[in-house]
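Biologist: I would like a close look at the surroundings of one bound molecule in this model, and then at the other spaces in the protein. Please take the sites in turn.

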Amino acid sequence: MEKSLIVSGMRSTGQLHLGHYLGVLQNWVKLQNEFECYYFVADLHALTTKFDKTEDLKQNVEDVVLDWVASGINPEISTIYLQSLVPETAELHIYLSMITPQNWVERDPTLKDMVKILRGDLQNEEKTSNICSYGLLGYPVLMTADILTFNADYVPVGSDQIAHLEISRDIARRFNNIYKVELFKEPKPKLTQIPLFKGIDGQKMGKSFHNDIKISDSEEETSQKIMKAITDRSRLRKNDVGHPNECEVVFDYYKIFAPQKIDEVKYECENAKRGCADCKRELCKYVNEYFKEIRENRKNLQANPKLVREIILNGSQKARIKAKEVLAQVKDAVKMYY
Ligand code: TRP
Ligand code: SF4
């Protein structure tokens, strides 16, 4: 039996952090054995909000791919590609944009939030221009094109992307209805329960919040960041009893990176037998151990820029084979002259 097909992407925002690894990449790695996977770097989507800040775009693309491959996305098994190197997606976007009612995109709550960020109503330091462009309005349509370019069965996403994907399903159905074909499947979300992974200040980990630990950080950088993490705020001295459950970052990290230690940490913390600095120092060791192999993989790969480029170009070429098939069917359905 043919494997079901999966498409998922990430905007090219540069080096990824531990939250990306735990929330998304680990899941992508697991999926690649069971499904035919297409994973892409969404560089065109990056332009929807950063069209005027492109100086790092090329480097960002390679950084994302480095993090993926180092984390176990295997380019021999999955197809890793760059969105702009599969122009069939952009072409499909045009056809889909013609049949998408304007109010469908205007109603998209995720898009509304993005617009609020751009306008400065919501906090986000990453914003550059405050223009809400025609292209940004098309964000969910381009996302639909990404998915339908390969006629995907499933799209692994976090819950924040569900609203976009709802539009994708509507557009797929509408295309089939209008052109009286049964071309597109309605892509189903494959929800990943992304546990909120906190940055060292206790807020959600994010690049724009300057509270993230990168996959590509050195052991020293990682340790420096962890040593600055907030702990139980009511605990001022080592002799004070601590409350691990109020220690949002350090104790939570123990749960993930050294689950075998949590009983001991909890006991010693609650009985004032463990100081926070020592507790963090020990945690640094576990976090660095956890990412040791991935970081070594990344270093080796980074030392071979030709190989990274080859992965991107070969994957994109491979993706185009399938994309061209689908696009021919689309043009046929629309009755374009070709
Ligand atoms: N919008 C997604 C995000 O911000 C990225 C993305 C673009 C995507 N196109 C996609 C995800 C297609 C899944 C499928 O995370
Ligand atoms: Fe947190 Fe460890 Fe300090 Fe307890 S000892 S408050 S778990 S850092």
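Which helices and strands each supply at least two residues of the shell around ligand 1?

Modeller: This is a predicted model, and its shell around ligand 1 draws at least two residues each from strand E1 (5-11), helix H8 (139-148) and strand E4 (154-157). H8 gives the largest share, four residues. Within the span of H8, the residues around ligand 1 are Tyr 139, Met 143, Asp 146 and Ile 147. Ser 8, Gly 9 and Arg 11 fall in the span of E1, and Val 155 and Val 157 in that of E4. The shell also includes Phe 40, His 45 and Gln 161. Sorted by class, these residues are six nonpolar, four polar and two charged.

Three side chains of the shell place polar atoms beside ligand 1. From E1, Arg 11 has a polar side-chain atom 3.2 Å from an oxygen atom of the ligand. From H8, Asp 146 has one 2.8 Å from a nitrogen atom of ligand 1. Gln 161 likewise has a polar side-chain atom 2.8 Å from a nitrogen atom of ligand 1. The protein buries 91% of the 370 Å² that ligand 1 exposes when taken alone.

H8 also takes part in another space. The second largest pocket holds about 410 Å³. It is lined by 20 residues, and His 93, Ser 97, Tyr 134, Leu 137 and Gly 138 are the closest to its centre. Along with H8, helix H2 (43-50), helix H4 (87-99), helix H5 (102-107) and helix H7 (134-137) each give two or more residues to that lining. By class the lining has 12 nonpolar and eight polar residues, with no charged ones.

The other ligand leads to an enclosed space. A search of the whole structure finds one cavity of 30 Å³ or more, and the largest cavity is the space taken by ligand 2. The volume of the largest cavity is about 120 Å³. Ligand 2 is surrounded by Thr 231, Asp 232, Arg 235, Cys 247, Val 250, Val 265, Cys 269, Arg 274, Cys 276 and Cys 279. In this shell, helix H12 (262-270) and helix H13 (276-290) each supply at least two residues. The class count for the shell is six nonpolar, one polar and three charged.

The lining of the largest cavity has 15 residues, and Cys 247, Val 250, Cys 269, Cys 276 and Cys 279 lie nearest its centre. These five also appear among the residues around ligand 2. H12 and H13 again supply at least two residues each, as does helix H11 (250-257). The 15 lining residues divide into nine nonpolar, two polar and four charged. Charged residues thus appear both in this lining and in the shell of ligand 1, whereas the lining of the second largest pocket has none.

How values were computed. Residues are numbered from 1 along each chain as its sequence is written. Chains are lettered from A and ligands numbered from 1 in the order in which they are written. This is a predicted model: local features need pLDDT of at least 70, side-chain atom pairs count only at pLDDT 80 or more; totals for chains, interfaces and linings use all residues. Side-chain values use heavy atoms; hydrogens and water are left out. A residue is near a molecule or strand if one of its heavy atoms lies within 4 Å of it. A polar contact is a pair of N or O atoms within 3.5 Å; within protein, one must be able to donate a hydrogen and the other to accept it, and residues adjacent in sequence count only if both atoms are side-chain atoms. Accessible areas come from the Shrake-Rupley method with a 1.4 Å probe; for residues, only the protein chains shown count as cover. Ala, Val, Leu, Ile, Met, Phe, Trp, Tyr, Cys and Pro count as nonpolar, Asp, Glu, Lys and Arg as charged, and the others, Gly among them, as polar. On a 1 Å grid over the protein atoms alone, a cavity is a set of points where a 1.4 Å probe fits but cannot get out, and a pocket is an open set with protein on both sides within 12 Å along at least five of seven lines; lining residues have an atom within 4 Å of a point. A molecule sits in a cavity or pocket if more than half of its atoms lie within 2 Å of its grid points. Grid points are joined across faces, edges and corners, and a volume is the space filled by probe spheres set on the points.
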